[in-house]
Amino acid sequence: MIAAASLTRFRELLQRRLGWTFADNDLGQTAEVLTARARAHGLTEREYLDRLSGRRWTAEVAELASALSITETYFFRHEEQFRVLRERVLPELIEARAGQRVLRLLSVGCSSGEEAYSLAIAAIRARPGPDWIVTVTGVDANREVLRRARGAVYSSWSLRDTPEDVRRRWFRPAEDGFRVADEVTGTVRFVEHNVAGDDPQLWHPARYDVIFCRNLLMYLTADVAAELIRRMTRALTEQGFLFLGHTDSLGSRPDGLDVCHANGTVYYQRRAVAPAREEAPAHPPRRVPAAPPPPASRPSAGRGDQQRVLGLMRDDRFAEALDLAGSADSLTRGVLLAQLGRVDEARDTTNRLLHAGGPQADAHHLLGVCHELDCAELAVGQYRLAAYLDPQFAMPRLRMGLLARRRGDDRGAADHLAAALELLTGEHEERIVQFGGGFGRLALTTLCRTELDACGVRR
């Protein structure tokens with residue numbers, strides 16, 4: 001029989017390593033896990049606890065997460081939250097992201113993947129066209145359930161709340177049940193992550209439009225839960241959305257978030273940050289400094305600043321990048337205006353560049369991006385001109401392929417996408433940053449292949 005002191009020590013180590021808290025009625029399962037894991041390593045319980053506490057033991061922590069976590073879930077669990085997502089949240093985000101045409105979603109504590117795939121299906125169904133990029137990241141500390149999630153095969157019990165039309169469209173019969181359609185699995189990736197630790201890349205500021213973290217906070221210690229909430233809030237885009245479980249509450253005035261109510265459910269929206277206002281000093285100095293030059297006379301970014309601008313663009317920090325880029329007409333400024341949804345300004349900036357400098361492939365491509373919102377034919381004309389001016393430019397071929405897919409021209413789409421796929425390997429990195437919508441060479445290549453396969457055209 002396990003000594004009470006050993007069990008107490010084990011629970012303290014679990015809190016430290018995993019951030020989990022345990023109720024007294026969990027003692028039986030916790031004791032069984034301690035005994036089983038010590039035997040698995042040929043150690044006494046004391047030796048096992050000494051090893052677990054003495055140094056980082058990542059593989060064993062993953063085993064403990066697998067043994068102790070509760071993994072029951074199913075597709076579209078808590079339908080009222082998914083209804084809010086479909087009817088309110090995604091339409092609002094699509095309107096706000098029209099310049100980027102990108103939606104990023106995160107499932108924290110994703111278990112065997114049903115929630116992450118449900119988010120992907122909802123976002124794919126909501127997007128205005130196939131040229132919109134949807135990405136979903138699922139994170140969990142349980143290595144075994146992540147293995148099942150990546151397999152993407154589920155029993156009919158996992159689909160018990162899935163509408164029949166959704167089941168027919170997004171799932172395929174498999175030997176062991178139903179397999180999630182490739183169009184969905186291609187948008188989802190799974191990451192092993194322990195929420196008690198940090199991961200700067202995963203929790204990058206302003207990365208996700210929607211975060212689901214349901215029925216996890218109640219298992220965490222107060223400190224770990226509070227830090228996770230702070231990370232999730234920072235990781236939301238401005239006015240992005242957070243969904244928690246019904247048992248989780250952040251109170252009426254959570255830091256950085258507004259409380260929303262709809263369809264009998266509560267969710268949260270990242271509060272818009274008002275620009276800082278400088279207060280005049282109580283006793284102004286006698287000497288008044290010279291006024292800064294008006295905005296119109298600010299210089300455009302130099303080469304060093306241009307690299308900093310590109311770095312900010314890689315991190316989706318478009319407002320900061322625009323401020324650094326200056327107000328003088330430049331291609332980068334036009335791209336940033338388009339990314340921020342200021343399409344008319346982006347179009348005016350680009351037309352002035354063309355008037356002053358003559359035909360430029362990148363500028364015509366940017367005009368195509370601007371025209372996609374109001375006239376697809378004009379957009380295609382600009383993309384054709386960009387591809388003509390620079391036959392090695394991959395991005396206009398990719399956009400033309402996506403537009404052809406949107407209007408049902410699979411053969412034309414296949415021609416453009418195949419060309420884009422070949423050209424992407426040699427595409428300039430700066431062009432990928434400027435015109436890739438926040439995605440790198442690998443993600444764009446994957447998009448090309450996925451859309452090319454969807455065309456169904458034999459080549």
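**Close-up 1. Packing of helix H18 against helix H20 in the predicted model.** Helix H18, which covers residues 410-424, and helix H20, which covers residues 441-455, have axes that come within 9 Å and cross at roughly 155°. Because angles over 145 degrees count as roughly antiparallel, H18 is described as roughly antiparallel to H20. The crossing of H18 and H20 is left-handed. On the side of H18 the contact is made by Asp410, Ala413, Ala414, Leu417, Ala418, Ala420, Leu421 and Leu424, while H20 contributes Arg441, Leu444, Thr445, Cys448, Arg449, Glu451, Leu452 and Cys455. Sorted by residue class, the contact of H18 with H20 comprises eleven nonpolar residues, one polar residue and four charged residues.

**Close-up 2. Surroundings of Gln382 in helix H16.** Gln382 is placed in helix H16, which runs over residues 376-389. With a relative accessibility of 17%, Gln382 counts as buried, since the category requires a relative accessible area under 20%. When neighbours within four places in sequence are left aside, the residues in contact with Gln382 are His364, Leu367, Gly368 and His371.

**Close-up 3. Ala38 in helix H2 and its approach to Tyr48.** Ala38 belongs to helix H2, made up of residues 27-40, and is buried, with a relative accessible area of 1%. Tyr48 is ten residues away from Ala38 along the chain, and the C-alpha atoms of these two residues are separated by 5.5 Å. Tyr48 is also among the contacts of Ala38 that remain once neighbours within four places in sequence are left aside, together with Leu43, Thr44 and Glu45.

**Close-up 4. Positive phi at Ser111, in the loop between strand E1 and helix H6.** The loop that holds Ser111 lies between strand E1, residues 102-108, and helix H6, residues 114-126. Although Ser111 is not a glycine, its phi is positive, at about 55°. The relative accessible area of Ser111 is 8%, so this loop residue is classed as buried.

**Close-up 5. Positive phi at Ala152, in the loop between helix H7 and strand E3.** Ala152 lies in the loop between helix H7, residues 143-151, and strand E3, residues 153-154. The phi of Ala152 is near 60°, which is a positive value in a residue other than glycine. Ala152 has a relative accessible area of 3% and is therefore counted as buried.

Conventions: Residues are numbered from 1 along each chain as its sequence is written. This is a predicted model: local features need pLDDT of at least 70, side-chain atom pairs count only at pLDDT 80 or more; totals for chains, interfaces and linings use all residues. Side-chain values use heavy atoms; hydrogens and water are left out. Axes are lines fitted to C-alpha atoms, for helices over the stretch in contact, and angles run from 0 to 180 degrees between N-to-C directions. Helices (H or I, at least four residues) and strands (E, at least two) are DSSP runs, numbered from the N terminus. Angles under 35 degrees count as roughly parallel, over 145 as roughly antiparallel, 65 to 115 as roughly perpendicular and the rest as oblique. A crossing is left-handed if the near helix is turned anticlockwise from the far one by less than a right angle, and right-handed if clockwise. Contact means heavy atoms within 4.5 Å. Ala, Val, Leu, Ile, Met, Phe, Trp, Tyr, Cys and Pro count as nonpolar, Asp, Glu, Lys and Arg as charged, and the others, Gly among them, as polar. Buried means under 20% relative accessible area, exposed over 50%, partly exposed in between (1.4 Å probe, protein chains only).
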